[in-house]
Every structure is written in C-alpha cells, then in structure tokens.
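Here's a quick tour of one protein chain. Have the structure open as you read.

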Amino acid sequence: MIEFRNVSKTYETGTKAVCNANFKIEKGEFAFLVGASGSGKSTLIKLILKEEAPTSGNIIINGKDTTFLKNDRIPFLRRSMGVVFQDFRLLPDKTVYENVAFAMYIVRATPRHIRRQVPMVLSLVGLSGKAKMYPNELSGGEQQRVALARALVNNPAMIIADEPTGNLDPVTANDIMNLLNDINLRGTTVVVATHAKELVDKMKKRVIHLEDGVIIRDKKGGYDSEI
C-alpha cells in the first residue's frame with residue numbers, strides 16, 4: 001500500500017528532513033507517525049502525497065513507484081487518498097453538504113451518485129443533522145468530522161491525516177481518533193501524523209517514531225514502545 005525504500009529528503013537549505021527511511025504500511029493497517037516538531041513527520045506526509053519528491057530512494061504507492069511520477073499523473077494518485085489536516089480547510093461559503101459534495105464534483109461524479117453518497121458519509125461521521133449548516137456554525141470537532149467526511153466521500157484506499165486532533169480539546173480529539181479507528185475497521189488504511197502521546201498510547205496501533213529525520217522505532221504499541 002505504502003512503501004518507502006531507502007528514502008531521504010534534504011531541502012535546499014541543507015536540512016535533512018528524512019534520512020534513509022524504510023517501512024511498509026500494508027492494506028488495511030493503521031499506523032501513527034510520531035515525533036517532536038521538526039522530526040520529519042510532515043515531510044513524510046508530503047512525500048506520500050507527492051507534494052515533495054525524495055532526494056534519493058523510492059516510494060511505492062498502491063504497487064506503483066511514484067518517485068518519478070509525472071506532474072499530470074499526480075491528481076490520479078491522490079484520488080486513492082483522502083487527506084485530513086489540522087486546520088480543517090473547509091470552504092466557508094459552502095454548507096456541510098456542499099463541502100463534502102465538492103470533493104465529488106472535482107472527480108466528476110454524477111449528480112445522482114453525489115446525492116446518494118454525501119448523506120451516507122455524513123451519517124457515518126455523525127453529522128446527518130448538520131448538512132445545511134455552514135462551517136462557522138459548527139464546533140471544531142464537527143468541522144473535523146466534515147473534513148473526514150470529505151476525505152471519505154470518494155471511497156479512497158487510504159486516509160492520510162496530518163495532526164487531525166491538533167486544534168481540538170482532549171474529549172473531542174478522542175472522538176475523532178475513535179472515528180478514524182472505525183473507518184480503519186471498515187478496511188481503509190489509515191496513517192496519522194500526531195503529537196498526541198496519550199491518544200497514541202491508548203490506541204495501541206503501529207507507531208513509526210521519527211527523531212531528526214530518522215526512524216528510531218517501528219512497533220505496535222505506545223508512543224515510546226521499544227523495538
């Protein structure tokens with residue numbers, strides 16, 4: 001599903017963001033990317049999404065080497081991914097329904113498919129009664145649920161979440177993480193970059209721990225699980 005083979009990323013400033021990363025995330029797996037700020041988590045996410053290219057090594061997504069993928073093919077790669085960000089990135093002038101439907105318009109889904117699919121994913125994330133509301137009428141947790149619904153609506157093979165609970169209170173953060181777990185149990189691969197140590201410890205999933213761009217631990221368990 002996602003495989004890094006000897007991947008390194010050095011920026012023009014000389015910063016070594018990722019150093020010789022090797023790991024494989026299987027279909028249907030749930031994996032956390034953890035580490036302090038500047039450890040390389042966000043760079044790993046950008047490499048998966050093809051927002052950045054590796055300095056060396058190879059990245060395999062869904063069985064295809066994306067390392068040298070042409071720019072005009074990147075949108076097709078990203079259709080296999082649903083992406084969730086810390087700051088939600090909702091369209092303020094569109095309702096909850098319209099925000100989720102917009103992701104389907106982009107891939108040219110039929111109006112009939114949109115009418116069937118959007119209510120279904122809103123129900124999945126617990127927002128059936130909020131479809132006509134606007135982002136500024138929702139709590140932070142509800143906005144993140146909209147972002148999750150938008151990420152899910154095109155039935156992606158994987159969900160990539162970059163600090164999805166960073167702007168949420170502990171109770172709401174726990175709810176969002178439980179929702180991601182439910183999504184994973186339905187068969188979707190989930191990769192979450194996070195600082196949330198307590199949530200990681202509670203979930204007992206695979207943890208890929210980075211420090212200064214180097215993977216120092218890769219094991220199922222808590223934030224500080226030893227290899």
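The notes below cover confidence, one sheet and one serine.

## How confident is the model?

Keep in mind that this is a predicted model. Confidence runs like this: the protein chain averages a pLDDT of 93, and 99% of its residues come in at 70 or more.

Broken down by element, strand 1 (residues 2–10) has the highest mean pLDDT, at 97. At the other end sits helix 2 (residues 74–78), whose mean of 88 is the lowest among the elements of the chain.

## The six-stranded sheet

Now for the sheet. Six strands make up an open sheet, and going across you meet them in the order 6-7-8-3-9-10, with mixed pairing. The edges belong to strand 6 (81–85) and strand 10 (214–220); each has a single partner strand, so one side of each has no neighbour in the sheet. From one strand to the next, the twist averages 15°.

Take a look at the strand 10 end. Strand 9 (residues 206–211) runs antiparallel to strand 10, and six bridges join the two. If you want a spot to zoom in on, try Val207, which stands opposite Lys219 in strand 10.

## A look at Ser42

Over in helix 1 (residues 41–48) you'll find Ser42. Is Ser42 buried, exposed or partly exposed? Its relative accessible area is 35%, so Ser42 counts as partly exposed, falling between the 20% and 50% cut-offs.

For a sense of distance, pick Leu199 as well: Ser42 and Leu199 lie 157 residues apart along the chain, and their C-alpha atoms are separated by 19 Å.

Note on methods. Residues numbered from 1 in each chain as written. Predicted model: local features only at pLDDT ≥ 70, side-chain atom pairs only at ≥ 80, totals over all residues. Heavy atoms only, no water. pLDDT = per-residue confidence, 0-100. Helix = DSSP H or I, 4+ residues; strand = E, 2+ residues; numbered from the N terminus. Buried < 20%, exposed > 50% of the residue type's maximum accessible area, 1.4 Å probe, protein only. Pairing = 2+ DSSP bridges. Axes fitted to C-alpha atoms, helices over the stretch in contact; angles between N-to-C directions.
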